[in-house]
Amino acid sequence: MYSSENIESKISKAALIQALQDFIAAESVLFDEEDLKPYECDGLSAYRAIPLIVVLPETIEQVQRVLTLCHENMIPVVARGAGTGLSGGALPHEQGVLLSLAKFKNILHIDPNRRIARVQPGVRNLAISQAVDQFGLYYAPDPSSQIACTIGGNVAENSGGVHCLKYGLTVHNIQQLKIITIDGELLTIGGSGLDSAGYDLLALMTGSEGMLGVIVEVTVKLLPKPERAQVLLAAFEDVVNAGEAVGNIIAAGIIPAGLEMMDRLAIQAAEDFVHAGYPLDAEAILLCELDGTNEEVSEHVSKVRGVLKQSGATEVRTAKDDAERLTFWAGRKAAFPAVGRLSPDYYCMDGTIPRKQLPQVLKAMADLSKEYELRVANVFHAGDGNLHPLILYDANIPGELERTEEFGGKILELCIKVGGTITGEHGVGMEKINQMCVQFNSLELQQFHAVKAAFDPLGLLNPGKAVPTLHRCAEFGAMHIHRGELPFPELERF
Amino acid sequence: MNTDISQQLQQQVVQAYEQVTALRIIGGNSKAFYGRADDRLLSAEILNVSGHRGVLSYEPTELVITARAGTPLAEIEKLLDDNGQMLAFEPPAFAESATIGGTIACNLSGPRRAYVGAARDFLLGCKIINGKGEIMSFGGEVMKNVAGYDVSRLMAGALGTLGVLLEVSLKVLPKTEMVKTQLFHCSSIEALNKIHNWSQTPLPISASSFHDSVLRIRLSGAAKSVQAARDTVGGESVDNAEQYWHQLKEHKLDFFATEKPLWRISLASDIETFTAENDSNFLYEWGGALRWLKTETPAEIIQQAAADVDGHAILFRHSEQQTCFQALSPGLLRIHKNLKQGFDPKNILNPGKLYPEL
Ligand SMILES: Cc1cc2nc3c(=O)[nH]c(=O)nc-3n(C[C@H](O)[C@H](O)[C@H](O)COP(=O)(O)OP(=O)(O)OC[C@H]3O[C@@H](n4cnc5c(N)ncnc54)[C@H](O)[C@@H]3O)c2cc1C
Ligand SMILES: Cc1cc2nc3c(=O)[nH]c(=O)nc-3n(C[C@H](O)[C@H](O)[C@H](O)COP(=O)(O)OP(=O)(O)OC[C@H]3O[C@@H](n4cnc5c(N)ncnc54)[C@H](O)[C@@H]3O)c2cc1C
C-alpha cells in the first residue's frame with residue numbers, strides 16, 4: 001500500500017489557508033472535509049487520501065505564488081488535471097496542497113499555418129480537436145478518456161491512444177511547454193521551431209507525472225485530417241494467429257493508423273454492451289484502421305484484407321461507411337465500461353511487450369488467472385505491443401483486492417521478463433512503484449532521483465510517486481532478482 | 001564486425017572520474033568541429049567508442065533495431081534497406097565513418113524530419129555510461145514505455161555531455177513504395193505560401209527545400225497516392241531527384257561549399273525575418289522551419305534575431321566556434337547545470353562542448 005513520505009511542514013493549516021486566501025478567491029481554497037472529498041482519488045479509486053487543502057488558481061501568477069508559498073513552508077504539492085489517471089498519480093498527499101488546474105480551460109491561440117494550438121493545461125484533449133476541426137486539422141493522440149482528461153495530464157503521463165503506432169505519443173506531438181518550478185519560476189521549454197537549444201527538457205517533462213514542475217501552458221502540434229479512414233474487422237479462432245497477423249501487416253510495409261486486438265471475454269462484454277456486431281464465436285478480433293489519401297487507403301485495404309486472410313482470419317469485414325466504422329470502434333472504445341458490467345470491480349493493467357511475445361504472455365496470464373481464481377479480459381493496442389489486461393474482482397469480498405494487486409504485479413513482472421515494460425501509457429504513479437524496483441536497478445533509480453533533484457531538490461512535488469526510494473525497494477525487493485543480479489547489495493536488509 | 005568493449009570504456013571513465021580527467025568522446029570522429037571549441041577538450045583524453053560495434057537485435061516485424069553505439073551508420077542503413085526498412089529521420093552521415101552513437105548524440109536529422117520526426121522521436125531506449133562510470137539502461141525496445149523519466153531522449157542532442165552512449169534502440173519504418181519530386185520557380189515568399197497551403201491538407205510530402213529561387217517538394221507513399229498528389233501540387237517533375245536530396249542531406253550541394261560560417265536557424269516555418277529575396281546565402285528546409293545561412297555577420301546579431309522570433313541559431317560549421325549554441329535563459333541554464341551535475345558530477349564528459357558552463 002501507498003505510504004506518502006512524511007514531510008515536516010513549517011506552517012499550520014490555518015495559517016496556510018489564510019496565506020492562500022490573500023491572493024486566491026476564498027471559494028477557490030477548499031479545506032472542509034466535504035469539499036475535499038471529491039479529490040480523494042483519481043481513476044484508480046482503490047487508493048484514497050484526503051489532502052490538507054485544495055486550491056484552484058486561475059492565473060499563472062497565482063500558481064507561482066502557491067508554489068512559492070509551499071516551497072518556503074515545506075508543503076508537498078500534487079498537481080491535478082481531470083483526475084482520470086489510472087496509476088494514482090494525482091492521489092493527494094495528506095499533508096499537502098492539491099493544486100487543481102481545472103480553471104485553466106482556455107484555448108489561447110490556434111495557428112493553422114504553423115499547425116499548432118497554444119492551450120491552457122486544463123483544456124480537455126477532445127476539445128482541442130473540436131476547436132481546430134474548422135481548419136481541417138486535429139490533435140492526434142487520442143486516449144480513450146479523451147472527453148474528460150486534460151492536456152496537462154496527457155503531457156504529465158505521456159498519454160497515448162489507439163493511433164500511437166502511426167502518429168506517436170504525446171511526446172511526439174507537442175512543441176512547447178510553460179512550466180512553473182517548485183520555487184515559483186516560470187520556464188519556457190521548447191520553442192517555435194521544430195527543436196530548441198540545449199537538452200531535450202521537453203521530453204524530460206513529458207511523462208514526468210507532476211514530479212518536476214507544474215505545466216501551465218502547452219503548445220500542441222496539429223495534423224491535417226486524413227482524406228479517408230477505413231476500418232477492417234478480422235475474426236480469428238486462435239489468438240496466436242491474430243498476433244501473427246499483426247506482424248504480417250507490418251511486414252507488408254503498412255503502418256495502420258490503429259491496430260487493436262480484443263480477446264473472447266472482451267469481445268463478449270463489448271458486444272453485450274454496445275451491439276457492435278462482433279463475431280461472438282471468435283477467440284480474438286483485430287480492428288485495423290487505415291488512413292491517408294483516398295487512393296492509398298483503397299490500395300492498403302485490399303492488401304491488408306489479403307494479409308489477414310492468409311494469416312488465418314475466419315472472417316474479414318470492411319466497414320461499408322463511416323457509421324459502420326464508428327460502430328466497429330464503439331465496441332473497442334467502450335471495452336473498459338463493458339467489462340465493468342461483468343463484475344463489480346475491475347483492475348486495468350498497462351504493460352508493454354515485444355509483440356512476438358504475445359502468445360507466451362497470454363498463455364502465462366491464463367495460467368495466473370487460474371492460480372489466482374480471477375478472470376481476465378484482454379484489450380490490446382496490438383500494433384505497439386501495449387497490453388491492457390482487465391482483472392475482474394469484487395472489492396467487497398475480503399482479500400480479493402489484495403489478490404488482484406498481487407496478480408497484477410505478477411503480470412507486470414512478466415512483461416519485464418519478456419523484454420517489455422511495466423507501463424506503456426498509464427504511468428507509474430503510486431500503483432507500480434514496487435515494480436519499478438524490478439524494472440530498474442539501484443543505479444538507474446538513483447539517476448532518476450538525480451533528475452528529480454535537478455528540478456525539485458527538496459522533493460516537494462508529488463512526493464513518493466513514480467520513482468521508489470532505494471529503501472522501499474530493499475523492503476520489496478527481498479523477493480526479486482533483477483536481471484540475474486542480487487537486488488540492492490549495497491543496502492542492509494531489514 | 002561485432003565487438004563489445006563496454007568494460008574497457010567503463011574502466012576508462014571510472015579512472016577519469018577518480019583522477020578528474022576530461023574525456024573527449026569520439027565515434028567516427030567525422031566532424032570533430034560540431035559543437036563548441038573549448039580548451040578543456042583540446043587537452044582532454046580521448047574516449048573512442050568506435051570499436052564498440054555490432055547490431056544486437058533486429059526483427060523487421062517488431063520495427064526496432066538495437067545496436068552498439070560505435071556501429072557505422074552505413075552498416076545499419078544497409079541492413080534496414082535489405083529488409084525494405086529505413087531510419088525515417090534520414091540522418092546525415094557526412095562521412096563514411098559516422099556512427100549511430102554520434103548520430104544520436106548530435107540528434108541530427110535530414111530532409112524528412114519535418115514530416116515524420118527527428119532522431120529523438122525514434123529513440124526508444126539506450127544504455128549509457130554516466131560521468132561516474134556507471135552503466136545504466138533507460139527506455140527499452142518497445143514502442144510505448146513511460147516507466148521513469150525519459151532519460152533516453154535526454155541523451156539525444158546532449159553531445160555526450162551527460163553520458164557515453166553504449167547502445168541505442170531505434171524505431172524503424174518501412175520504406176515508401178514510390179518517391180517523386182516536383183520543382184517550382186518562385187520567390188521565397190511564394191514558396192512559403194505554397195508550402196503552408198499544402199501542409200494544411202493531407203498530402204504525402206516527405207521533404208521540401210528552397211534555394212536559388214527554386215522550390216522542391218518530395219512526395220513519398222503508396223504509388224497511387226503519390227501520383228494523385230503530383231497532380232494536385234503541379235510544377236515540373238524531376239527525374240532522379242534522389243541524388244539531390246542526398247546531397248542536400250550530406251551538405252554536398254554547391255550551396256555548402258563555402259568558407260563562410262554556416263548557420264543553422266530553427267524557427268517557426270512562416271517567419272519572414274530570415275527571408276532575403278534572391279539571396280543565395282539562404283537555403284530552406286523543413287517547410288521553412290530550418291534555414292541555413294552563410295554569413296560573416298557576428299554571432300550575437302544572428303542569435304538575437306533568432307531569439308526575437310522565438311527560434312534559435314546554431315553556428316553549425318566554422319573554424320572559431322566559441323558561441324556555437326544559442327544562450328539559455330538563466331532559469332533553463334540552472335536546470336541544465338543541475339542535470340549535468342546529476343549525470344557527470346566531476347564534469348569530465350565532453351566538458352564545454354555544448355555550453356561553457358556544462
Ligand atoms: C476510461 C479510461 C480510459 C483511459 N484510456 C487511456 C488511453 O487510452 N491512453 C492513455 O494514455 N491513458 C488513458 N487513460 C488514463 C488517463 O486518462 C490519462 O493518463 C490522462 O492523461 C490523465 O489526464 P488527467 O487530466 O485526468 O490527469 P490526472 O489524473 O489529474 O493527473 C495525472 C498525473 O498528471 C499530473 N498532472 C496533471 N496535470 C498536471 C499539470 N498541469 N502539471 C503537472 N502535472 C500534472 C498529476 O499530478 C498526475 O501525476 C484512461 C483513463 C480512463 C479512466
Ligand atoms: C562538410 C561536413 C560538415 C559537417 N558538419 C557537421 C556539423 O556541423 N555538425 C555535426 O554534428 N556533424 C557534422 N558533420 C559530421 C556528422 O555530424 C557526423 O558524421 C555524424 O554525426 C556521425 O557522428 P560520428 O560517429 O562521426 O561522431 P563523432 O564526430 O565522433 O562525434 C560527434 C559528437 O558525438 C559525441 N559522441 C560520439 N559518440 C558518442 C557516444 N557513443 N556517446 C556519447 N557521445 C558520443 C562526440 O563527443 C561528439 O560530440 C559534418 C561532416 C562534414 C563532412
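So, let's start inside chain A, where helix α8 meets helix α10: on the α8(A) side we have A:Ala245, A:Asn248 and A:Ile249, and they touch A:Val304, A:Val307 and A:Leu308 of α10(A). By class, that contact comes out as five nonpolar residues, one polar and no charged. And before I go on, please keep in mind that this is a predicted model.

How do these two helices sit against each other? In general, a packed pair is described by the angle between the axes and the distance between them. Here α8, residues 239-251, and α10, residues 294-310, pack at about 145°, and their axes are 9 Å apart. If you want the handedness, the crossing of α8(A) and α10(A) is right-handed.

Okay, stay with α10(A), since this helix also packs against chain B. The partner is α9(B), residues 223-233, with an angle of about 170° and 7 Å between the axes. That angle makes α10(A) roughly antiparallel to α9(B). Which residues meet there? From α10(A) it's A:Glu295, A:Glu296 and A:Glu299, and from α9(B) it's B:Ala223, B:Lys224, B:Ser225 and B:Ala228. Sort that contact by class and you get two nonpolar, one polar and four charged residues. Put that beside the α8(A) contact with α10(A), which has no charged residues.

Next, another pair across the two chains. Helix α16 of chain A, residues 442-455, and helix α12 of chain B, residues 330-343, have axes that come within 8 Å and cross at roughly 160°. So α16(A) is roughly antiparallel to α12(B). Their crossing is right-handed. If you're clicking along on the structure, look for A:Gln447, A:Ala450, A:Val451, A:Ala454 and A:Phe455 on α16(A); they meet B:Ile335, B:Asn338, B:Leu339, B:Gly342 and B:Phe343 on α12(B). The tally by class is seven nonpolar, three polar and no charged.

Now, empty space. How many cavities of 30 Å³ or more does a search of the whole structure find? Seven. The largest of them holds about 230 Å³. There are 21 residues lining that largest cavity, and the closest to its centre are B:Leu124, B:Asn145, B:Val146, B:Asp150 and B:Arg153. In terms of elements, β6 (123-129) and α7 (151-155) of chain B each give at least two lining residues. The largest share, three residues, belongs to α7(B). And the lining by class? Ten nonpolar, eight polar and three charged.

Last topic, a couple of backbone oddities in chain B. As a rule, most residues other than glycine have a negative phi. B:Val20 has a positive phi, near 50°, and it isn't a glycine. Where is B:Val20? In the loop between α1 (6-19) and β1 (23-26) of chain B. Then there's B:Asn350, also not a glycine, with a positive phi of about 40°. B:Asn350 lies in the segment after α12 of chain B, and α12(B) is the helix we just saw crossing α16(A).

That's the tour, so over to you for questions.

Technical notes: Residues are numbered from 1 along each chain as its sequence is written. Chains are lettered from A and ligands numbered from 1 in the order in which they are written. This is a predicted model: local features need pLDDT of at least 70, side-chain atom pairs count only at pLDDT 80 or more; totals for chains, interfaces and linings use all residues. Side-chain values use heavy atoms; hydrogens and water are left out. Axes are lines fitted to C-alpha atoms, for helices over the stretch in contact, and angles run from 0 to 180 degrees between N-to-C directions. Helices (H or I, at least four residues) and strands (E, at least two) are DSSP runs, numbered from the N terminus. Angles under 35 degrees count as roughly parallel, over 145 as roughly antiparallel, 65 to 115 as roughly perpendicular and the rest as oblique. A crossing is left-handed if the near helix is turned anticlockwise from the far one by less than a right angle, and right-handed if clockwise. Contact means heavy atoms within 4.5 Å. Ala, Val, Leu, Ile, Met, Phe, Trp, Tyr, Cys and Pro count as nonpolar, Asp, Glu, Lys and Arg as charged, and the others, Gly among them, as polar. On a 1 Å grid over the protein atoms alone, a cavity is a set of points where a 1.4 Å probe fits but cannot get out, and a pocket is an open set with protein on both sides within 12 Å along at least five of seven lines; lining residues have an atom within 4 Å of a point. Grid points are joined across faces, edges and corners, and a volume is the space filled by probe spheres set on the points.
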